[in-house]
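Hi there,

Here is the structure I promised to pass on. My notes on what turned up follow just below it, so you can read them with the coordinates open.

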Amino acid sequence: MTVGAFIDVGTNSTNLLVTDGKNDIARRIVVTRLGEGLHSSGSLSPVAIGRTAAVVAQHADTARLLGAGTVTIVGTAACRRARNTSELVSAVHDATGLTLEVIPPEEEARLSFIGATTGLPRVESEGDVMVVDIGGGSTEISIGTGSPRVSFSIPVGAVTATESDLTTDPPRPEDLTNVIGAVQDELEEIGRTAPGALSAGRVVGVAGTFVTVAAVEIGLAQWDDSALHGFELSREAAEDVFRTLATESLADRKLNPGLPPERADVIVAGCCILVGVMRRLRLESVTVSTRGLLDGLALRGRIPG
């Protein structure tokens, strides 16, 4: 059976999936902060490029050791936004001999949708599904059945919102309100331009913020995919985790079981986005998915474009 590897170079983390098409062989998540400073400078810093390219090279080596015949590398929001992305592409090629493909937001939303609903068969029979993917540089929303029919990109992410608004420790209440308000304003605009688009029988939350908030709610000291994939995160629980994390100092926040220390500085902004979406769309709960873009990439050659 052919083994393939897929690497997602995101604004906050650089992630690896190695799969034979039926079973995961390996998953790796490494926080690399490619988008650090991007909001203010408009460029990827040499330091961020260097550490990200180094992790991509480690992932590629791991994949080859595990028998991967192909290694696919994609970049998302930070790569789309930066004016010097070509420097990252060159650094990755120099380190690996491979080419990084920068995918447009529509393709990211499509692949995240396909990946997020993997392993959630009960979702597929409930009419339209909405997938919300909170990334470091943007938030992608896609709606459809089986595959997305429509998608939207909100230019608010956990890293960018942290750098632009949440600059105190702990954050000021008015700054939290600003981030939530920015998300709700974007959703309001989508509602005006595409009436009725933001509705679905089930909402699935994918990527680090949703998974981390669920893990904190459970008090999950060690990673347990079976406890998180398919977990129903209620709005009440999400609001409770948000209140707890937003009022703690960074040092205290790191002590919460389920919260990786390397995510502690951006998780509050992620929570603002999460609760902003749940409040504006009046969602009672969200189904958490530990799958996403990487899983969609693994299926890309077998799904309609």
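Let me start with a pair of charged side chains: Arg80 and Glu108 form a salt bridge, and their closest N and O atoms are 2.8 Å apart. Arg80 sits in helix H3 (residues 77–81) and Glu108 in helix H5 (residues 105–116), so this pair ties together parts that are 28 residues apart in sequence. Please keep in mind throughout that this is a predicted model. The two partners differ in setting: Arg80 is partly exposed at 26% relative accessibility, while Glu108 is buried at 8%. As general background, side chains of opposite charge can pair when their charged atoms come close.

How many salt bridges are there by this rule? The count comes to 17, and I picked out a few others for you.

Asp128 and Arg149 meet through their side chains, again with 2.8 Å from N to O. Here Asp128 lies in the loop between helix H6 (121–124) and strand E6 (129–134), and Arg149 lies in strand E8 (residues 147–154), so the bridge ties together parts 21 residues apart in sequence. Asp128 is partly exposed, with a relative accessible area of 22%, and Arg149 is exposed at 57%.

Arg279 and Glu239 make another salt bridge, with the closest N and O atoms 2.8 Å apart. Because Arg279 belongs to helix H13 (residues 267–280) and Glu239 to helix H11 (residues 235–246), this one ties together parts that are 40 residues apart in sequence. Arg279 is partly exposed at 30%, whereas Glu239 is buried at 12%. There is also a network: Asp24, Arg27 and Asp295 are joined into one by salt bridges that share partners.

Now for the helices, going back to H5, the home of Glu108. H5 has 12 residues and reaches 16 Å from its first C-alpha to its last, close to the 16 Å expected at 1.5 Å a residue. Is H5 largely enclosed or largely open? Of its 12 residues, 10 are buried, so H5 is largely enclosed by the rest of the structure. Among those buried residues are Glu107, Arg110, Leu111, Phe113 and Ile114, along with Glu108 from the salt bridge above.

Helix H2 (residues 46–65) has 20 residues, which should span 28 Å at 1.5 Å a residue; its end C-alpha atoms are 29 Å apart, which agrees. Its buried residues include Ile49, Val55, Val56 and His59, as well as several alanines such as Ala48, Ala53 and Ala57. What do the buried residues of H2 pack against? Their neighbours are strands E1 (4–9), E2 (13–19), E3 (24–31) and E4 (70–75), together with helix H4 (85–96). Just after H2 comes Gly67, with a positive phi of about 95°.

H13, which carries Arg279, also contacts helix H9 (residues 208–218). The axes of H9 and H13 come within 9 Å and cross at roughly 100°. That makes H9 roughly perpendicular to H13. On the H9 side the residues are Thr209, Phe210, Thr212 and Val213, and they meet Ile267, Gly270, Cys271 and Leu274 of H13. By class, this contact has five nonpolar, three polar and no charged residues.

Finally, a few backbone spots to look at. In general, most residues other than glycine have a negative phi, and most peptide bonds are trans. Against that background:

- Asp169 and Pro170 are joined by a cis peptide bond, with omega about -5°. Pro170 is in the loop between helix H7 (158–164) and helix H8 (173–193).
- Ala207 has a positive phi, near 90°, though it is a residue other than glycine. Ala207 is placed in the loop between strand E9 (202–206) and H9, and it is partly exposed at 24%.
- Arg282 is not a glycine either, yet it has a positive phi of about 55°. Arg282 is found in the loop between H13 and strand E11 (285–289), and it is exposed, with a relative accessible area of 70%.

Happy to go through any of this with you whenever it suits.

Best wishes

Technical notes:
Residues are numbered from 1 along each chain as its sequence is written. This is a predicted model: local features need pLDDT of at least 70, side-chain atom pairs count only at pLDDT 80 or more; totals for chains, interfaces and linings use all residues. Side-chain values use heavy atoms; hydrogens and water are left out. A salt bridge is a side-chain nitrogen of Lys or Arg within 4 Å of a carboxyl oxygen of Asp or Glu. Helices (H or I, at least four residues) and strands (E, at least two) are DSSP runs, numbered from the N terminus. Buried means under 20% relative accessible area, exposed over 50%, partly exposed in between (1.4 Å probe, protein chains only). The expected span of a helix is 1.5 Å times one less than its number of residues. Axes are lines fitted to C-alpha atoms, for helices over the stretch in contact, and angles run from 0 to 180 degrees between N-to-C directions. Angles under 35 degrees count as roughly parallel, over 145 as roughly antiparallel, 65 to 115 as roughly perpendicular and the rest as oblique. Contact means heavy atoms within 4.5 Å. Ala, Val, Leu, Ile, Met, Phe, Trp, Tyr, Cys and Pro count as nonpolar, Asp, Glu, Lys and Arg as charged, and the others, Gly among them, as polar.
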